[in-house]
Amino acid sequence: MITIGLIGKTNVGKSTFFSAATMLEVEIANRPFVTIEPNVGVGYARKRCVHVELGVKCQPKNSICIGDYRFIPVKLLDVAGLIPGAHEGRGLGNKFLDDLRKADVLIHVVDASGSTNEEGVMVSPGSRDPEEDVKFVEREIDEWFFSVIRKDWDKFARTTDLSSKDVVESLLSKVSGLSVNRKHVVMALKASGLENVKLIQWGDEGLRQFSSVLRKISKPIVIAANKADIPISRENISRLKEKHSHVVPVSAESELALRRAAKAGLIDYIPGDGQFRVIGNIEEKRMKALNYIKSNMLDVYGSTGVQQAINEAVFGALNMIHVYPVEDERKYTNRDGDVLPDVFLVEKGSTPKDLAFLIHTDLGKGFLYAIEAKKKVRVGEDYELKDGDVIKIVSTLAKG
C-alpha cells in the first residue's frame, strides 16, 4: 500500500486534513505539538470505476465503490508539526522526520492564508508568506536526508571506490532506511551529474546536491494550500502555483464538515465531489456553514481539495495508474465469480508482468502473456498498462 506522509509546521490544519481524509477522530486544537505520536490511518485515492464503462455491477474486495467511483486505499501518516531547526533537534526534533522514512510521497499542508507564524502561533491573516513555509519545510527535510547520507561518508566512499563495488548498490544500502529504490538512486546520480564521479571526490557540495535531488525524486511533495476558503488565500495560492508543480487549494475544515454531515445522513456527498445535496433536516446554523462551504470552496475551486490532494499525490507526483486484474476476461470476474473485485495501483509504464509479480510472485515467475479484457486481445510482457485496464494474467504457475 502506498504511504503518504502529512508534513508541515505546527498548527496549519494537518490533523484536520487527516481526520477529513480518514474520518478517524484525532485531537484537533489551535496549539503546537497537538500530535505527539504519528497518527496512521487509511485514506483513499479516487478514480472513476471501470464498471461504468463496462456496464456491469462491480463487487469490490480490496477497495470501495461509491456511485461511479472506486476508492483505492492508501496509508496516511500524520506526524507532529515541524518548526525551523527540527533537523538539529528543535521542537520534537528528528523524531518527526524519522516517522516519514517509509513515506512514498509527502503532502505538505500549508496555511495559505498566512495566519500562523514560523513557530505555528496564530497571527493575523496575511501576516506570513506561505512560500516561506514551503521553503523552510523542504529545507528541513533536505537537511535530514543530507545528515543520513553524510554519516560516515568518508569511510563509506573510500571503501566503495577502492573495492570497485557497484556504486548504485552501495548507495542503495546506505539509504535503505529511507524507502529509496534502485531507480531513485540511478535517477538522482544522473540528475546530479555525479554518475561517473568517484564518491570520495563528491565533497559536501556534491553530497548536498545528490541528497536534495534524491529527496525530490524519492519523496515528491504535493502542497495542500489549506484555509483556501479565506479570501486572502487566493492570491497566495496563485503565487504558489507559479513556483511549484503540485499545488492543490484545500479547506480541510470544509471537507470534515461535509463528511460528518454525510455520515449523519443530512447530505448526500461523495468525497471529492464539487457539490452536495441536502437530504435531511438541518438546523439554521449548520445550513449557514454548508452554504459558506459552497460559496467559498465548491463554487470557487470545484471541491474542498482534500480528495484532490490525495489524488495529486498518487496519480500526479507518483505517476500511478489503476488496473483491475481478473481471472475471467469475459465476465470480468475472479475465481469466485466476483465482478471487478480488486484494483491495483502501479507506476505508469508498468507491464502485465510487473502486475503479475505485484499480485503474487508465482504469477510473475510463470508469466506467459496477458489478455486485455476490454478488447479481448492478447498482449505480451512488453505491453504498457493503461489507466483503467482490465487484465487477465496467464501463467504456468497458479496463484498460491
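**Notebook: a predicted model, residue by residue**

I began with His246, which is partly exposed, its relative accessible area being 21%. The model I am reading is a predicted one. I located His246 in the loop between α9 (233–243) and β7 (247–249). I then listed its contacts, leaving aside neighbours within four places in sequence, and found Ile221, Val222, Ile223, Glu312, Gly316 and Ala317. With one of these residues I noted a link between side chains: a polar contact of 2.6 Å joins His246 and Glu312. I also looked up a separation for His246: its C-alpha atom and that of Leu172 are 27 Å apart, with the two positions 74 residues apart along the chain.

**Entry on Ile230**

I turned next to Ile230, in the loop between β6 (221–226) and α9. Is Ile230 buried, exposed or partly exposed? I recorded a relative accessibility of 24%, so Ile230 counts as partly exposed. Not counting residues up to four places away in sequence, Ile230 touches Ser113 and Tyr292. Its C-alpha atom is separated by 23 Å from that of Phe136, a residue 94 places away along the chain.

**Entry on the cysteines**

I looked for disulfides, and the count came to zero. How far from Cys58 is the nearest cysteine sulfur? It belongs to Cys65 and is 3.5 Å away, and Cys58 is in no disulfide. The cut-off for a disulfide is a pair of cysteine sulfur atoms within 2.5 Å, so a pair at a distance of 3.5 Å is not counted. From the side of Cys65 I found the matching entry: the nearest cysteine sulfur is that of Cys58, and Cys65 is in no disulfide. I then compared their burial. Cys58 is buried, with a relative accessible area of 11%, whereas Cys65 counts as partly exposed at 23%. The boundary here is 20%, since buried means under that value.

**Entry on His51 and Leu340**

Both cysteines reappeared when I examined His51, which sits in helix α2 (residues 50–54). Apart from neighbours within four places in sequence, His51 is in contact with Val56, Cys58, Cys65, Gly67, Asp68 and Leu340. I noted a relative accessibility of 13% for His51, which therefore counts as buried.

I followed the contact list to Leu340, found in the loop between β10 (320–326) and β11. Leu340 is not a glycine, yet has a positive phi of about 45 degrees. At 0% relative accessibility, Leu340 counts as buried.

**Entry on two further positive phi angles**

Asp152 is another residue that is not a glycine but has a positive phi, here about 55 degrees. I placed Asp152 in the loop between α4 (130–150) and α5 (153–163). Is Asp152 buried or exposed? Its relative accessibility is 56%, so I entered Asp152 as exposed.

I met a positive phi again at Met23, the residue that follows α1, where the value is near 55 degrees. I then looked at helix α1 itself (residues 14–22), which is mostly covered, with nine of its nine residues buried. Among the buried residues of α1 I noted Lys14, Phe17, Phe18 and Thr22.

**Entry on Gly272**

I found Gly272 in the loop between β8 (267–268) and β9 (277–278). Gly272 is buried, with a relative accessible area of 9%. Which residues is Gly272 in contact with, leaving aside its neighbours within four places in sequence? I listed Arg46, Glu255, Ser303, Gln307 and Gln308. The C-alpha atoms of Gly272 and Asn196 are separated by 46 Å, the two residues being 76 apart along the chain.

**Entry on the largest pocket**

Lastly I looked up the largest pocket, whose volume is about 800 Å³. It is lined by 27 residues, and those closest to its centre are Ile2, Met320, Leu345, Val346 and Glu347. Which element supplies the largest share of the lining? I found that β11 does, with four residues. The elements that each supply at least two residues of the lining are β4 (69–78), α7 (182–192), α8 (203–218), β11 (344–347) and α13 (352–359). By residue type, I recorded 16 nonpolar, seven polar and four charged residues in the lining.

Key: Residues are numbered from 1 along each chain as its sequence is written. This is a predicted model: local features need pLDDT of at least 70, side-chain atom pairs count only at pLDDT 80 or more; totals for chains, interfaces and linings use all residues. Side-chain values use heavy atoms; hydrogens and water are left out. On a 1 Å grid over the protein atoms alone, a cavity is a set of points where a 1.4 Å probe fits but cannot get out, and a pocket is an open set with protein on both sides within 12 Å along at least five of seven lines; lining residues have an atom within 4 Å of a point. Grid points are joined across faces, edges and corners, and a volume is the space filled by probe spheres set on the points. Ala, Val, Leu, Ile, Met, Phe, Trp, Tyr, Cys and Pro count as nonpolar, Asp, Glu, Lys and Arg as charged, and the others, Gly among them, as polar. Buried means under 20% relative accessible area, exposed over 50%, partly exposed in between (1.4 Å probe, protein chains only). Contact means heavy atoms within 4.5 Å. A polar contact is a pair of N or O atoms within 3.5 Å; within protein, one must be able to donate a hydrogen and the other to accept it, and residues adjacent in sequence count only if both atoms are side-chain atoms.
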